[in-house]
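Good morning, everyone. Please take a moment with the sequence and the model, and then I will walk through some of the contacts that can be found in it.

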Amino acid sequence: MQALLGDTLISKSGNVNTTDAFDGKKAVALYFSAHWCPPCRQFTPQMAGWYTDNLAAKGLEVVFVSSDKDQGSFDSYFAEHPWLALPFSDRDRKEELSKKFKVNGIPSLVIVDPSTGDVITTDGRKAVSSDPTGEKLPWTPPTKAEKKEMCIKALGDSFVDKDGHNHTKADRLNKEYIGLYFSAHWCPPCQMFTPELAKMYDEGLKDKMEIVFVSSDKDEAAFQGYLGDMPWLALPF
């Protein structure tokens, strides 16, 4: 973390050694923000409340990485923050951090591992906002396998095919990939694409991927008629 943030951070009471600041922490949130930014001024008090009420005690440290225009603006804004900050004078490091984590807009919250500096998630604002008490801290994103399992679970366990046969997850959702095909018969681009996809599916795609039609048709009859063109499964209308 010293390589990432330098040897010294600042707190309300003075300088803090970077290594000491993160001792025993589960995660570090790099908070890219500025006083001149209205969305930042809205988010900062929210984040400060979550941090003070729950997140600090559960092992999160936050480091403010300022995009303020001068030292005075930084000092005034940092007075509202209950956490640490990168020294405002270290502008080169601030630019390096913004470039490293591809920060294109603020407010932005990047969650990193305090022992390695590796990224846990660059979408920390969404992660924290959906879990302000920190039950899932450090908000490690699901793996590819976990995402697949979540998707399969969300689909339920009832599927139909064009011949009217019913299927379960165990029957068909055992391929390496699952494609959710959101489509409808009333949609001209869908009508153009469906035959192309069906051809690819029949010519080998089906060996690697199961497709599930998720209909936006307007009624059961339209759904059934359109499903007749498809060699894959569908969620019941």
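A salt bridge, in the sense I use here, is a side-chain nitrogen of Lys or Arg within 4 Å of a carboxyl oxygen of Asp or Glu. Please keep in mind that this is a predicted model. With that definition, a search of the whole structure finds six salt bridges, and R172, K175 and E210 are linked in a network of them.

Let me take that network one pair at a time. E210 forms a salt bridge with R172, where the closest N and O atoms are 3.0 Å apart; because E210 lies in strand β11 and R172 in helix α8, this pair ties together parts that are 38 residues apart in sequence. The side chain of E210 also meets that of K175, at 3.5 Å from N to O, and since K175 sits in the loop between α8 and β10, this pair ties together parts 35 residues apart. E210 itself is buried, with a relative accessible area of 0%.

Another salt bridge joins E135 and K58, with the closest N and O atoms 2.5 Å apart. Here E135 is exposed, at 59% relative accessible area, whereas K58 counts as partly exposed, at 27%.

Turning now to the nonpolar residues, the largest core has 28 of them, and Y31, M47 and L60 touch the most other members. Helix α3 gives the largest share, seven residues. Leaving aside neighbours within four places in sequence, M47 is in contact with L55, L60, V62, W83, L109 and V128. A second, separate core of 18 residues includes L4, V63, L84 and V103.

Conventions
Residues are numbered from 1 along each chain as its sequence is written. This is a predicted model: local features need pLDDT of at least 70, side-chain atom pairs count only at pLDDT 80 or more; totals for chains, interfaces and linings use all residues. Side-chain values use heavy atoms; hydrogens and water are left out. A nonpolar core is a set of buried Ala, Val, Leu, Ile, Met, Phe, Trp, Tyr and Cys residues joined through side-chain atoms within 4.5 Å. Buried means under 20% relative accessible area, exposed over 50%, partly exposed in between (1.4 Å probe, protein chains only). Helices (H or I, at least four residues) and strands (E, at least two) are DSSP runs, numbered from the N terminus. Contact means heavy atoms within 4.5 Å.
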